[in-house]
Amino acid sequence: QVQLVESGGGLVQPGGSLRLSCAASGIIFRNYAMSWLRQAPGKQRELVTTIGNTGSTYYADSVKGRFTISRDNTRNTVYLQMNSLKPEDTAVYYCNLPGTSNWGQGTQVTVSS
């Protein structure tokens, strides 16, 4: 049974930073790509970034240059370093196995002064 558990969200001022973590279990983690998505109030869930099992990355234009995805296969964990945060980054952030219905519970990120 696949489990994804996100952590690290919170309230931060504009321009600040946060690091999210997603711990995975029930899979051979190193074999899978991992994604972060987010859903803001009243909006559809959107893909933020993906890291392949070989370390290749994709970023949505809205976060390029500010967010960095990484993974630690020894800890079965994927990270999202978020810098220069903006109010429009406010959302619930989810990690996901791409192409599957395996989602974490989400972690709230609020960017506000």
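This is a short guided tour of a predicted model, stop by stop.

**Before you start**

Residues are numbered from 1 along each chain as its sequence is written, and side-chain values use heavy atoms, with hydrogens and water left out. Because the model is predicted, local features need pLDDT of at least 70 and side-chain atom pairs count only at pLDDT 80 or more, while totals for chains, interfaces and linings use all residues.

**Stop 1: the whole chain**

Show the protein chain as a cartoon. Expect 0 helices and 10 strands. Helices (H or I, at least four residues) and strands (E, at least two) are DSSP runs, numbered from the N terminus. Along the sequence the pattern reads β-β-β-β-β-β-β-β-β-β.

Now rotate the chain. Its C-alpha atoms fill a box of roughly 40 × 25 × 20 Å along the principal axes. The radius of gyration is 13 Å, which agrees with the value near 13 Å for a compact globule of 113 residues. That radius is taken over C-alpha atoms, and the globule rule is 2.2 Å times the number of residues to the power 0.38.

Switch on the surface. The protein chain exposes about 6,000 Å², and carbon and sulfur atoms supply 45% of it. Such areas come from the Shrake-Rupley method with a 1.4 Å probe; for residues, only the protein chains shown count as cover. Buried residues make up 44% of the 113 residues. Buried means under 20% relative accessible area, exposed over 50%, partly exposed in between (1.4 Å probe, protein chains only).

**Stop 2: strand 9**

Select residues 91–96, which form strand 9. Is this strand enclosed or open? Here 6 of the 6 residues are buried, so strand 9 is largely enclosed by the rest of the structure.

Add strand 4, residues 34–39. Strands 4 and 9 pair in the antiparallel sense over 5 bridges. Two strands pair if DSSP finds at least two bridges between them. Look for Ser 35, which stands opposite Asn 96 in strand 9.

Next, add strand 10, residues 107–111. It pairs with strand 9, again in the antiparallel sense, over 3 bridges. Ala 91 has Val 109 in strand 10 as its bridge partner.

**Stop 3: the charged network**

The whole structure holds 5 salt bridges. A salt bridge is a side-chain nitrogen of Lys or Arg within 4 Å of a carboxyl oxygen of Asp or Glu.

Select Arg 38. This residue is buried, with a relative accessible area of 5%. Arg 38 forms a salt bridge with Glu 46, the closest N and O atoms being 2.7 Å apart. Glu 46 is partly exposed, at 36%.

Which other side chain meets Arg 38? Asp 89 does, in a salt bridge of 3.0 Å, N to O. The pair links distant parts of the chain: Arg 38 is in strand 4 and Asp 89 in the loop between strand 8 (77–82) and strand 9, 51 residues apart.

Stay on Asp 89, buried at 0%. Asp 89 also bridges to Arg 66, with the closest N and O atoms 2.7 Å apart. Arg 66 lies in the loop between strand 6 (57–59) and strand 7, so the pair ties together parts 23 residues apart in sequence. Shared partners join Arg 38, Glu 46, Arg 66 and Asp 89 into one network.

**Stop 4: Asp 72**

Finish in strand 7, residues 67–72, where Asp 72 is found. Asp 72 touches Phe 29, Thr 77 and Tyr 79 (heavy atoms within 4.5 Å), not counting residues up to four places away in sequence.
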